[in-house]
Amino acid sequence: MGVFGIVCEYNPLHNGHARMLRQLREQGAEAVVCAMSGNFVQRGEAAVAGKLARAEMALRCGADLVLEIPTPWAAATAETFARGGVEILRRTGVVTDLAFGAECADVEALRAVAEVLDGEAYRAALRSIPEDGASFAAHRQSAVAAVLDPRRAALLSRPNNILAVEYLRAIRGTDIRPAAIPRQGAEHDSHTVDGGIASASHVRQLLLSGRTEEAMTCLPREAAEVLRREMERGHAPADMRRCDRAILARLRRMEEEEWARYDGGGEGLYHRLYQAVREAGSVEELLERAKTKRYPMARLRRMVLAAWLELPAVPARVPYLRLLGADDTGRKLLRRMREVPVLTKAADVGKLGKAAEELFRRESRWSDLYALTCPAVMPCGEDWRTTPVLMGEK
């Protein structure tokens with residue numbers, strides 16, 4: 001028996017996610033704590049439904065406590081996303097195990113890759129690879145193959161394995177135990193349904209193309225009910241295309257050197273984006289003009305989102321744990337977390353220090369921009385007015 005943590009987006013929570021939550025219960029989980037992305041996600045996009053709605057989905061499908069991953073971590077690289085999520089779970093002081101889905105459920109094989117990525121031999125191998133226009137991901141896999149072996153390096157070709165490796169790096173030095181859950185159903189980013197399970201990207205595509213009923217068949221009943229309600233209210237599905245002109249207006253005001261702060265790779269990618277934004281008539285056209293085989297589309301989207309939101313550099317640590325939702329078991333866990341800065345009421349953020357207040361005020365402004373991506377534009381200040389989703393015993 002233990003308290004399992006999950007780092008997630010639930011964008012939206014589909015049948016594959018629900019199956020994983022059930023499996024943890026069947027394995028004897030005492031409770032499940034989720035560190036979940038807020039209104040913006042790692043792909044550099046707006047979440048299809050707001051964070052409180054997605055927290056409710058999680059609670060209704062088996063989670064007990066949902067805490068928010070703030071936007072600077074949620075809309076970042078796999079490494080930063082994993083580090084932020086694990087930090088939140090670790091600081092609760094109650095999480096004993098970290099559960100994650102992976103194409104490979106062999107923790108030791110994944111751990112071997114994680115160990116290599118933090119070693120000098122890997123860094124030397126990476127430096128020795130000649131520049132050939134290939135992506136960083138391809139170079140990284142080649143470097144791991146040179147240090148370890150091609151078979152294990154190939155694990156880095158699968159998206160869930162990549163996150164799994166980053167989770168293992170993030171929990172190193174902690175008492176949290178890893179628990180890999182084999183991914184089932186349709187593959188990540190595929191546009192098929194296998195055994196009732198589709199990728200989240202396929203579900204989002206269905207929703208944004210108006211194929212609502214088809215999308216709902218890929219969600220557990222509890223999550224589908226929440227999503228239908230949000231759609232009836234005009235709060236979903238969120239779509240960044242509704243903000244195309246607003247995003248372009250912000251980006252066109254930027255000088256070239258301002259773009260550099262959002263180019264985490266330091267490879268001059270910002271030059272391409274600066275030039276592209278001066279010619280593009282939409283965000284999609286901007287991305288098409290800037291992309292090459294070296295730069296994955298998700299990285300470009302993250303840079304555009306970061307520039308639009310004016311995201312700061314990722315802080316050294318998450319300054320507070322913000323409660324999005326809890327059931328009775330989750331509230332009992334909260335009572336065991338009295339020594340950590342848990343934000344349950346927005347009005348109390350000033351008591352948590354300057355860094356916490358500054359981040360929360362920024363998060364509120366980012367939520368105000370998220371509201372513009374929804375079918376019905378919501379008023380400003382939602383983060384200050386809303387309260388966590390609280391549920392009774394399941």
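Which right-handed unit do β2, helix α2 and β3 make? Keep that in mind as you look at this predicted model, and let's start with the strand that opens the unit.

Strand β2 covers residues 31-37, and it is mostly covered: seven of its seven residues are buried. Follow the side chains and you'll see them split into two sets. A31, V33, A35 and S37 point one way from the strand, while V32, C34 and M36 point the other way, and all of them are buried.

Now look at the partners of β2. Strand β1, residues 3-8, runs parallel to β2, and six bridges join the two. If you want a spot to find on screen, pick C8, whose bridge partner in β2 is M36. To get from β1 to β2, the chain passes through helix α1, residues 15-26, and this β-α-β crossover is right-handed.

Next comes strand β3, residues 65-69. It also pairs with β2 in the parallel sense, this time over five bridges. Here, V33 stands opposite L65 in β3. And that brings us back to the opening question: β2, helix α2 (residues 51-60) and β3 make a right-handed β-α-β unit.

Finally, jump along the chain to helix α10, which spans residues 200-208 and holds S201. Is S201 buried or exposed? Its relative accessibility is 12%, and buried means under 20%, so S201 counts as buried. The side chain of S201 has company, too: it makes a polar contact with the side chain of S199, at 3.0 Å.

Notes
Residues are numbered from 1 along each chain as its sequence is written. This is a predicted model: local features need pLDDT of at least 70, side-chain atom pairs count only at pLDDT 80 or more; totals for chains, interfaces and linings use all residues. Side-chain values use heavy atoms; hydrogens and water are left out. Helices (H or I, at least four residues) and strands (E, at least two) are DSSP runs, numbered from the N terminus. Buried means under 20% relative accessible area, exposed over 50%, partly exposed in between (1.4 Å probe, protein chains only). A polar contact is a pair of N or O atoms within 3.5 Å; within protein, one must be able to donate a hydrogen and the other to accept it, and residues adjacent in sequence count only if both atoms are side-chain atoms. Two strands pair if DSSP finds at least two bridges between them. A crossover is right-handed if, with the strands pointing away from the viewer, the path from the first strand over the helix to the second runs clockwise.
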